[in-house]
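The following exercises ask for a careful reading of one structure, each with a solution that goes step by step. Please look at the sequence and the model before turning to the solutions.

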Amino acid sequence: MKKILVYYSLGGNTRAVAKKIASKLKIKAVEIKTLKAYPDDVDVLQSLAKMQTEIGVMPQIAPTKVDFSQYDAVVLGMPVWWRTFAPAVKTFLKSVDWKGKNLYPFVTHEGKTGHIVSDLKKAVRGGMLCPMLGVEFDEEGNQLTSAGEINNWVASVAEDGFEEEDE
């Protein structure tokens, strides 16, 4: 099964995890980037990100220059924003034909993953949503999830050892 890793990262936690996972799987990693940068001011950023997430904004993203029809599976990394995936991820998800593809999601979060699994199930209709890895960080950016837990998930992705989840 041909895989690619795609990720969105604003603060760097997801990027760091994505690079480790891509290295372990020996697959290409592609970053989702918005065409318009988010503001540097943390308060303004949080307010804007919350509003965009809550109303379902789909910001324009830079072309990935990847032909996703050539891949059977996508390993997708994303931060949790207000109990779901970031708006840029929503834009990416809409751009891919998921029919017949496996999606291996991993998220970075500060304690809760919200309703991201049910949101992903809706977004990848026709594809198979494999079990998600949650990688928890504290407010200072220290990773709380063990390397062993991440490695076990990566090994299952490498072996395609997941079975379809019950609806």
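**Exercise 1.** Determine which residues are in contact with Phe 92, leaving aside its neighbours within four places in sequence, and then place Phe 92 in its nonpolar core.

*Solution.* Step 1: with contact taken as heavy atoms within 4.5 Å, Phe 92 is in contact with Val 6, Ile 32, Ile 61, Phe 68, Leu 76 and Trp 98, once neighbours within four places in sequence are left aside. The model is a predicted one, in which local features need pLDDT of at least 70 and side-chain atom pairs count only at pLDDT 80 or more, while totals for chains, interfaces and linings use all residues. Residues are numbered from 1 along each chain as its sequence is written, and side-chain values use heavy atoms, with hydrogens and water left out.

Step 2: a nonpolar core is a set of buried Ala, Val, Leu, Ile, Met, Phe, Trp, Tyr and Cys residues joined through side-chain atoms within 4.5 Å, where buried means under 20% relative accessible area, exposed means over 50%, and partly exposed lies in between (1.4 Å probe, protein chains only). The largest such core has 31 residues, and Leu 76, Phe 92 and Leu 93 touch the most other members. At least two residues of this core come from each of β1 (3-7), α2 (42-55), β3 (73-81), α3 (87-95), β5 (102-109) and α4 (116-123), these elements being DSSP runs numbered from the N terminus (helices H or I, at least four residues; strands E, at least two). The largest share, five residues, is supplied by β3.

Step 3: a second, separate core holds 21 residues, among them Ile 21, Leu 25, Phe 106 and Val 157. In soluble globular proteins, nonpolar side chains tend to be buried together.

**Exercise 2.** Identify the buried residues of α3 and the elements against which they pack, and then decide whether Thr 53 is buried or exposed.

*Solution.* Step 1: the buried residues of α3 are Pro 87, Ala 88, Val 89, Thr 91, Phe 92 and Leu 93. They pack against β1, α2, β3, β4 (84-85) and α4.

Step 2: Thr 53 is part of helix α2, and it counts as buried because its relative accessibility is 14%. Not counting residues up to four places away in sequence, Thr 53 touches Pro 87, as well as Trp 81, Trp 82, Thr 84 and Phe 85.

**Exercise 3.** Find how many salt bridges the rule gives, and describe where the partners of each lie.

*Solution.* Step 1: when a salt bridge is a side-chain nitrogen of Lys or Arg within 4 Å of a carboxyl oxygen of Asp or Glu, the count comes to two.

Step 2: one of these salt bridges joins Arg 15 to Glu 31, with the closest N and O atoms 2.6 Å apart. Since Arg 15 lies in helix α1 (residues 13-25) and Glu 31 in strand β2 (residues 29-31), the pair ties together parts that are 16 residues apart in sequence. Arg 15 is partly exposed at 25% relative accessibility, and Glu 31 is likewise partly exposed, with a relative accessible area of 22%.

Step 3: Lys 50 and Glu 54 meet through their side chains in a salt bridge of 4.0 Å, N to O. These two residues are four apart in helix α2, and are therefore separated by about one helical turn. Lys 50 counts as partly exposed, at 35% relative accessibility.

**Exercise 4.** Describe the chain as a whole, beginning with its helices and strands and ending with its radius of gyration.

*Solution.* Step 1: the chain has five helices and seven strands, which follow the pattern β-α-β-α-β-β-α-β-α-β-β-α along the sequence.

Step 2: of the 167 residues, 44% count as buried. Among contacts between residues at least 6 apart in sequence, 78% join residues at least 24 apart.

Step 3: the C-alpha atoms fill a box of roughly 40 × 35 × 30 Å, taken along the principal axes. The radius of gyration, taken over C-alpha atoms, is compared with a globule rule of 2.2 Å times the number of residues to the power 0.38; for 167 residues a compact globule would have a value near 15 Å, and the chain, at 15 Å, agrees.
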